[in-house]
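Welcome! Have the sequence and the 3D view open, and work through the exercises below at your own pace. Try each task before you read its solution.

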Amino acid sequence: MSAKAIREATGKTLLNNHLPSGASATCRFASVTEDTKWSDLAQQHPWLKTEKLVVKPDQLIKRRGKLGLIKVGTDLAGVQSWVDERMNKDQQVGKAVGKLRNFIIEPFVPHDQDAEAYVCIYSHRHGDTLLFTHEGGVDIGDVDAKALKLELGIDERPTEAQIEDTLLVHLKGSRKEKAAVFIMALYNLYVDLYFTYLEINPLVITDEDIYILDLAAKLDATAEFLCKAKWGDIDYPPPFGRDALPEEAFIADLDSKSGASLKLTILNEKGRIWTMVAGGGASVIYSDTICELGGASELANYGEYSGAPSEQQTYEYAKTILTLMTKEKHPDGKILIVGGGIANFTNVAATFKGIVRALQEYQTKLIEGKISIYVRRAGPNYQEGLRVMREVGKTLGIPVYVFGNETHMTAIVSMALGKRPIPKEPTAESHTANFLLPGGQNTASPRPQRKSESSGPTVTVAAKDTKQLFHKNTKAIIWGMQTRAVQGMLDFDFVCSRTEPSVAAMVYPFTGDHKQKFYWGHKEILVPVYKSMADAMKKHPETDVLINFASLRSAYDSTIETLGFPQIRTIAIIAEGIPENMTRILIKKATELGVSIIGPATVGGIKPGCFKIGNTGGMMDNILHSKLYRPGSVAYVSRSGGMSNELNNLISHNTDGVYEGVAIGGDRYPGTTFMDHLLRYHDNPEVKMLVLLGEVGGVEEYEVVEALKTKRIVKPIVAWCIGTCAGMFSSEVQFGHAGACANAERETAVSKNKALSQAGAHVPSSFDELGEVVKKVYQKLLQEGVIVPKEEVPPPTVPMDFSWARELGLIRKPASFMTSISDERGQELLYAGMPISAVLEQGLGIGGTLSLLWFQRRLPPYATTFLEMCLMVTADHGPAVSGAHNTIVCTRAGKDLVSSLVSGLLTIGDRFGGALDGAARQFSEAFDKGLLPMEFVNDMRKKGQLIMGIGHRVKSLNNPDKRVEIIKNFVKKDFPTTPLLDYALEVEKITTSKKPNLILNVDGVIGVAFVDLLRNSGSFTREEAEEYINIGTINGLFVLGRSMGFIGHYLDQKRLKQGLYRHPWDDISYVMPEHYSS
């Protein structure tokens, strides 16, 4: 939702902070909640004790004065008494009943009645309207009839003279001057802070100052990323009569952190009918159908999930609904509707797996609550999603009925409410994923053929209305690295038998120019990707469409840039949540340039046999199912992208198919309107019939009504506006789309449907009957001979993508890699099966992490402590050793961290650092052969080999190595048994008897202790222990530990700013061959 109402206190805070000094008197107020302490409040606002006061609720209640919800001219004690009488008490406002919990107290401003005025600013598609009347207050009456009006275009700012001459004709003198200054400042604030509505009544205008008494306002919540610093933290209260529940707040927070859309509104916590619907448009239609079938009083919630949420996000959403649903039992049991249209790009299987996880978790409560579940969904990978849902249905112990796109979208509502029988298992489709199965088109029936336009009504139109946006050779540029959408477009092109791909190039500013590989049928092609849009336009002058996948933050700038290239005639803006002021500027500029904008907040549009925008039409299974690979006779326009796919399905089943379809977008101000597209369709002789799917909110549908009345539209049109349920709710509900909220009776779906019907459109009694009405109108065209049958031609077969085939379980392939230590595919990273959160929460530390990643198991605490000790003692041994030396030299040569680190690590081997593995191997082999320590020493002397892990250049018996002593004492104390360490210490006694420096060194004590750990901790078999020794695990400790030291040397040299190293001559012995010396 974009336009959100704010509290009066919030609005006055914004005015205090951002109106210029002197424009009006500062708004003084104090807010009161159920937690307010009156003594503290009086200390914070001393004027409460000394002035007459006004108090009223601050909960989005209109006409508070007429409802007796204002106390005027009392003192603080009177205010407290008045508030206490009403705090947490039920109050009826219209049909809504709610509790009063928020109040605002202000100083009473004495004034004459004739000082009261009214001012209002509101936004619409083409600009802003300022209303002003010099008679304000409770009894203002019909504002539209009384108020003077100033219309401002997009990006237009009023002057004081303009305001005085247009709005303030009834004011005189200083009052007029002050009011002009104030209104101009107020309008500038309105625009700069992205208000969408601002009303002050009364506005008290005296000769001395201007006072803002009552205020109501709405902000464009999508502009938060622009206005956060100016707004601060904004609290958007729920409509009066509906308390904000913590579960709603949780979903709102989940939505704010997700690229998907997640919405939840609780209508009746004790309701019997709960919904979990995918798609903004579909969610409204399901609510409509429930209410139309008599379930309004039992409807518990409104909500939707869309925009490809992840499995985890869908799980959290489903879990929240199930938590609410199972709080209380109902004697008749409860119903859960898991519905949705045909998705364009959401992976149905992934979302359903999240829902299934939640259902399994709540199995016991679902059984206890006698809950029945009805499922209908289709879209990408829906076959797998329905299979998973059916499988879990067999184990839950409750009735679960599952249907796909063979069933009308809202049929499950009738089934759930007992209005129609539940059919048996549906028949399998002849296609799956994006692949036509062999024989799937063998039973093709003749399809109707459209007659020439002379067979139908005669239409005369202006040339400007006949522009067609797409044709067989349309070429597009894609803004954004949307490889999946591009591949979908290319597959559509191929199945439509286009000779060339519709995607000419891609623009992605975050990489250099390159080429991206895609499939064209069976072969691979390269699509150029440009960093600069100007380069893409210059090199592809044949393109006239740009599909903009930029985010809501950058979509405006990229679209403005696109409008600078005259070759582009159509722009599709996919992003949802672009601030309305920005959208209106885009619409204005595009209109001036003759460019058509589809969106924002849209999936796009499709012209069967010619061109499709991005993900429109979904995967190839739906393209084939809905016969979108060739044109039909019916053209449609809708707001909802998800419902456009449902219309594709509905029209293909009841007519000869879709000629063209566009989803104009769910935002309040779509770039093009219903009429823009309906006139295009109407003036195209290939289109014989129109379909309009409107919705609650806005007045664009009345343009269609007027066109029908004036006979501008004479072709048959089937129309339905969704959102008929809105009037059945006691409090205002904002539906999934930003524009789906009625601000007046004229904007309701019921009023629109009635007006369309009276004007001559074919309007069904409900969405459930839309298909029947479409079929009836189409059959009439057949009977009249406007359309004659034509043989169906099977489309080319598109190969299935490997990823989809594997996900559907149709193929198997040996993996190129195997891993057993970590898994990043799920919602949380796993270390050897242990979630990373558990690793952190349980404090495993570095040693515990190593135990998981190196050994795929948790080792006992003494073992992980030993690993950490090994890392500490091997971290560094000064700058002179070969590894540190190499790192330092490489660093001083100006190399980066990784290069310098690697240069040091490459010196590790038999001569440097390799003694750990060597010591472990030599000592364990001798021990395992049963050699006495003396025999081992003698054997190594006979072989002429050094004993690894024995000897030190500096340390000796008389100057022991503290590191060795610490490790040795720890191992002897904490390890269960240490046979190999004991053996090595016996060897040390023999070697030190010859030379005192032939001690067991750090490498030796770590090596033999590690073998003792592997063999005797009880965590490994003997075979596993030997394998870990042989594959270099022990030496890994030295590499890991010494990496810390090498990085330290790198950082040290950089910090000291050491220059290029050159070895001194006097430290090099130059020995030249003698026979060259002469």
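A residue counts as buried when its relative accessible area is under 20%, as exposed when that area is over 50%, and as partly exposed in between. Keep in mind that this is a predicted model.

**Exercise 1. Find the salt bridge between arginine 630 and glutamate 792, and decide whether the two residues are buried or exposed.**

Solution.
- Step 1: Start with the distance. The closest N and O atoms of arginine 630 and glutamate 792 are 3.0 Å apart, and the two residues form a salt bridge.
- Step 2: Place the partners. Arginine 630 sits in the loop between helix 20 (620-625) and strand 32 (634-638), while glutamate 792 belongs to the loop between strand 36 (787-790) and helix 26 (802-807). With their positions 162 residues apart, the pair links distant parts of the chain.
- Step 3: Apply the cut-off. Arginine 630 and glutamate 792 are both buried.

**Exercise 2. How do glutamate 51 and arginine 28 meet?**

Solution.
- Step 1: Their side chains form a salt bridge, with 2.8 Å from N to O.
- Step 2: Glutamate 51 lies in the loop between helix 3 (47-50) and strand 3 (53-57), and arginine 28 in the loop between helix 1 (8-18) and strand 2 (30-32).
- Step 3: Glutamate 51 has 27% relative accessibility, so this residue counts as partly exposed. Arginine 28, at 36%, counts as partly exposed too.
- Step 4: For the wider picture, a search of the whole structure finds 48 salt bridges.

**Exercise 3. Which residues does glutamine 468 contact, leaving aside its neighbours within four places in sequence?**

Solution.
- Step 1: Look in the loop between strand 22 (447-450) and strand 23 (476-479), where glutamine 468 is found.
- Step 2: Glutamine 468 is in contact with Glu660, Arg680 and Asn684.
- Step 3: Zoom in on arginine 680. Its backbone oxygen is 3.1 Å from a polar atom of the glutamine 468 side chain.
- Step 4: Now turn to the side chain of arginine 680, which meets that of glutamate 660 in a salt bridge of 2.8 Å, N to O. This pair joins helix 22 (residues 674-682), home of arginine 680, to strand 33 (residues 658-663), home of glutamate 660.
- Step 5: Check the accessibility. Arginine 680 is at 4% and therefore counts as buried; glutamate 660 is buried at 0%. Glutamine 468, at 27%, counts as partly exposed.

**Exercise 4. Where on helix 34 do the buried residues lie?**

Solution.
- Step 1: Check the length of helix 34 (residues 962-974). At 1.5 Å a residue, its 13 residues should span 18 Å, and the end C-alpha atoms are 18 Å apart, which agrees.
- Step 2: List the buried residues of helix 34: Val964, Ile967, Lys968, Phe970 and Val971.
- Step 3: These residues cover an arc of only 165 degrees around the axis, so they are on the same side of helix 34.
- Step 4: Turn to the other side of helix 34, where Lys962, Ile966 and Lys973 are exposed.
- Step 5: Find the cover. The buried residues of helix 34 are covered by elements including helix 29 (861-873), helix 35 (979-992) and helix 36 (1002-1016).
- Step 6: Finish at the N-terminal end of helix 34, which aspartate 961 caps: one of its side-chain oxygens is 3.0 Å from the backbone nitrogen of arginine 963.

Definitions and conventions:
Residues numbered from 1 in each chain as written. Predicted model: local features only at pLDDT ≥ 70, side-chain atom pairs only at ≥ 80, totals over all residues. Heavy atoms only, no water. Helix = DSSP H or I, 4+ residues; strand = E, 2+ residues; numbered from the N terminus. Expected span 1.5 Å × (residues − 1). Buried < 20%, exposed > 50% of the residue type's maximum accessible area, 1.4 Å probe, protein only. Arc of directions from axis to C-beta. Contact = heavy atoms within 4.5 Å. Polar contact = N/O pair within 3.5 Å; in protein donor to acceptor, adjacent residues only side chain to side chain. Salt bridge = Lys/Arg side-chain N within 4 Å of Asp/Glu carboxyl O.
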